[in-house]
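I opened the notebook to go through strands, cysteines, aromatic rings and charges. My entries follow in the order I looked things up.

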Amino acid sequence: MPVMKGLLAPQNTFLDTIANHFDGTHSNFLLGNAQGRQGYPIVYCSDGFCELTGFVRTEVMQKTCTCRFLHGAETSERVRQQMDKALEGQQEYQGEVCFYMKNGKPFWCLLDIVPIKNEKGEVVLFLFSFKDVTESYGKSHQHSNRRGVEATGILLTLERGRTVLYHLTNQFSKRGKGKLPTSVFQKPSLPEYKVAAVQKSRFILLHYSLSKALWDWLILLATFYVAVTVPFNVCFVSHQDDTDWDSRSTIASDIAVEMLFILDIILNFRTTFVSQSGQVVYDARSIYLHYCGTWFFIDLIAALPFDLLYAFNITVTSLVHLLKTVRLLRLLRLLQKLDRYSQYSAVVLTLLMSVFALLAHWMACVWYVIGRKEIESSDPVTWDIGWLQELGKRLETPYINSTMGGPSMPSAYIASLYFTLSSLTSVGFGNVCANTDAEKIFSICIMLMGALMHAVVFGNVTAIIQRMYSRRSLYHTRMKDIKDFIRVHRLPQLLKQRMLEYFQTTWSVNNGINANELLHDFPDELRADIAMHLNKDILQLPVFERASRGCLRSLSLHIKTSFCAPGEYLIRQGDALQANYFVCSGSLEVLKDEMVLAILGKGDLIGADLTAQDQVIKTNADVKALTYCDLQHISVRALREVLGLYPEYGSRFSSDIHHNLTYNLREGSEAEGLTRFSRSPRLSQVNVCLFITILQMGITMTYQSATDR
């Protein structure tokens, strides 16, 4: 497929931004819905939080972000009240809290609450950050008296700083120059939950820009210049005694080409590229590592400035001319870029003809070297009948000895090129012919090569193009059909962009190959094994652990892949649910009445539990993509068919699916979920000792802050 620009649609990368700003120090955080009416339910929890507390994601989702399921005997009542006050007032908060893991083990953490706003300035989410500080406290700190240092502890707690905010921004500025500012630090900006445009440095060059395309064509011309001049200088100039024809005659152009190659290396360190996932990489460090691991060393060797030796009047030998042949490594870069030029048939034919002419030029250089060796030989027979001597006699400039006389260099090169082209395209005309054994052997080789070039370049140009670019031809055919469809039906620009981007992305994933059609003629056993390998991620979910291998094989044959672009709705509220979806990559959000109910990431399962009756399942919310998402799904109808074939697993699946769905889209599941959470033993215990734990939390926080002092 032709080189694409990559995936360029604006994405809501809030989730990735939060994770990246933690920088691996502690990625234990929750996101709560700030617009909820039922206790600010949790819409996302990180893997680090699950590892810290021992809970799995499905046990945490949709519980209140006050984290009452983590409260215990040592949890301070005062801190609980402060958390509730911060949530109600949509304010920031920081404090030290004693929480309890799922197994009942207590741990101390530094809790940060940060309100997150959208592009309208409305608080839509709460960010809860949990930094484990248990190691800094001894057992004596947890059971000693904390009441006497409450006031001092509060001041120390405030002095600890805004940990999460500094991780998110890490920036400060002064409010004036040359005088003491009112506040040394400005308040760091808060992250926003919105679709953000791509942020890149102005010094980063886009790989699909017009300026980069023009630069690539300039480098292509410079590469052909190198491919022509380097063999010419090695073969002709190094054997020429005429001082008017030496390497210094092209010193300016050679140095200019070297400078172009060096500048190209610098630009490649600042040029974006498309990753294997189709995303455009703008990060300077990633670009640096990618270029160093691909073409940097080849480009560096090819850009060594040998011609500076001439510029500084340094005497060089013929060995330097041979060293300059390393510049031909730049031709390898041409092979890399042939893919982008090959979509134009005229360019393909031009490049093929250019390669043919370049081959003739190289053969002409070798033919001249053979003639020179015959002149320099001590055999008087070969010395007098060589093609160069015959040419000199016809031009009345015969060789007197190996260093004097002979035709001029332009005449010798034109005669050499004339001979090689006539030998490659036909059998020659005899006016320049091979006389010595070495010349005849070379003529035989060049005739065989000419026959091959006829068969490859001239006789089978159409076949080569069809064989090499059949997939590209299919791509362009389908793309043209889509554009014709858009033009005939006059679709708006937004729909046009969505159609084109979806087609390009799906093509980049499967290269236009329909897996179902491709595997249709294979045996069922082989198709099932291939399907299980392709869908191994979704089949490793806990809900399928108890399924037999036969059941898994049947399920794998019904699993399909799909793709969703940023801003597109995967499911609409009130629609009939057609499938259960597994998120392979990307992130989505669950919306209801423009409120975020859940944020889904890699490894999440979304759908609905199957009802006992074969009835239509209506969805209770919208599911919208935040970034580019790769999904796997199995239709509800196919799932019921397979479970009907394996009834012993069907009953187990119906009970387990409740605990494995990150969010249940079936209408009425919200009320059931709230009832189930309210009946949790942990929540019942919290309700009993609610007042005591909140008070102890405040005492614990102030005492430990004083201890740190």
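**Strand S1**

I started with one residue pair: Leu31 has Tyr44 as its bridge partner in S2. I kept in mind that this is a predicted model. Strand S2 covers residues 42–45, and S1 pairs with S2 in the antiparallel sense over three bridges.

I then looked up the pairing of S1 with strand S5, residues 123–132. It is antiparallel too, and runs over five bridges. Within S5, Phe128 is the bridge partner of Leu30.

How many residues of S1 are buried? I found five of its five, so to speak a mostly covered strand, at residues 29–33. I checked both faces. Phe29, Leu31 and Asn33 lie on one side, Leu30 and Gly32 on the other, and all are buried.

**The four-stranded sheet**

Next I went to the sheet with the order S11-S16-S13-S14. I noted it as open, with antiparallel pairing. Which strands are at its edges? They are S11 (569–571) and S14 (595–600), and each pairs on one side only. I also looked up the turn between neighbouring strands of this sheet: it is 30° on average, with direction ignored.

I followed S13, residues 588–592, to its partner S14. Five bridges join the two, and they run antiparallel. Among the bridge partners I wrote down Lys592 with Met595 of S14.

**Cysteines**

I searched for disulfides and counted zero. Why is Cys67 not bonded to Cys65? The sulfur of Cys65 is the closest cysteine sulfur to that of Cys67, but at 6.9 Å it is too far for a bond. A disulfide needs the two sulfur atoms within 2.5 Å. Cys67 has a relative accessible area of 0%, so I entered it as buried.

I made the same kind of check on Cys365. Its nearest cysteine sulfur belongs to Cys235, 4.6 Å away, and Cys365 is in no disulfide. I list Cys365 as buried because its relative accessible area is 1%.

**Aromatic pairs**

My count of aromatic pairs came to 25. I took Phe49 and Phe130 as one of them. Their ring centres are 5.1 Å apart and their planes stand at 50°, so I logged the pair as tilted. Where do the two residues sit? Phe49 is in helix H2 (residues 47–53) and Phe130 is in strand S5. They are 81 residues apart, so the pair links distant parts of the chain. Phe49 counts as buried at 0% relative accessibility. Phe130 is buried at 1%.

I moved on to Phe296 and Phe297. This pair is edge-to-face, with 5.2 Å from centre to centre and 70° between the planes. Are the two buried or exposed? Phe296 counts as buried at 16% relative accessibility, whereas Phe297 counts as exposed at 54%. I found both in one aromatic cluster with Phe269, Tyr288 and Tyr291.

**Charges over rings**

Last, I looked for charged ends above rings. That of Lys63 sits over the ring of Phe69, 5.0 Å from the ring centre. That of Arg572 sits over the ring of Tyr569, 3.7 Å from its centre. I closed the entry by going back to S11: this edge strand is made of 569–571.

How values were computed:
Residues are numbered from 1 along each chain as its sequence is written. This is a predicted model: local features need pLDDT of at least 70, side-chain atom pairs count only at pLDDT 80 or more; totals for chains, interfaces and linings use all residues. Side-chain values use heavy atoms; hydrogens and water are left out. Two strands pair if DSSP finds at least two bridges between them. Axes are lines fitted to C-alpha atoms, for helices over the stretch in contact, and angles run from 0 to 180 degrees between N-to-C directions. Buried means under 20% relative accessible area, exposed over 50%, partly exposed in between (1.4 Å probe, protein chains only). Rings of Phe, Tyr and Trp (its six-membered ring) pair if their centres lie within 6.5 Å; planes under 30 degrees apart count as stacked, over 60 as edge-to-face and the rest as tilted. A charge sits over a ring if NZ of Lys or CZ of Arg is within 6 Å of the ring centre and within 35 degrees of the ring normal.
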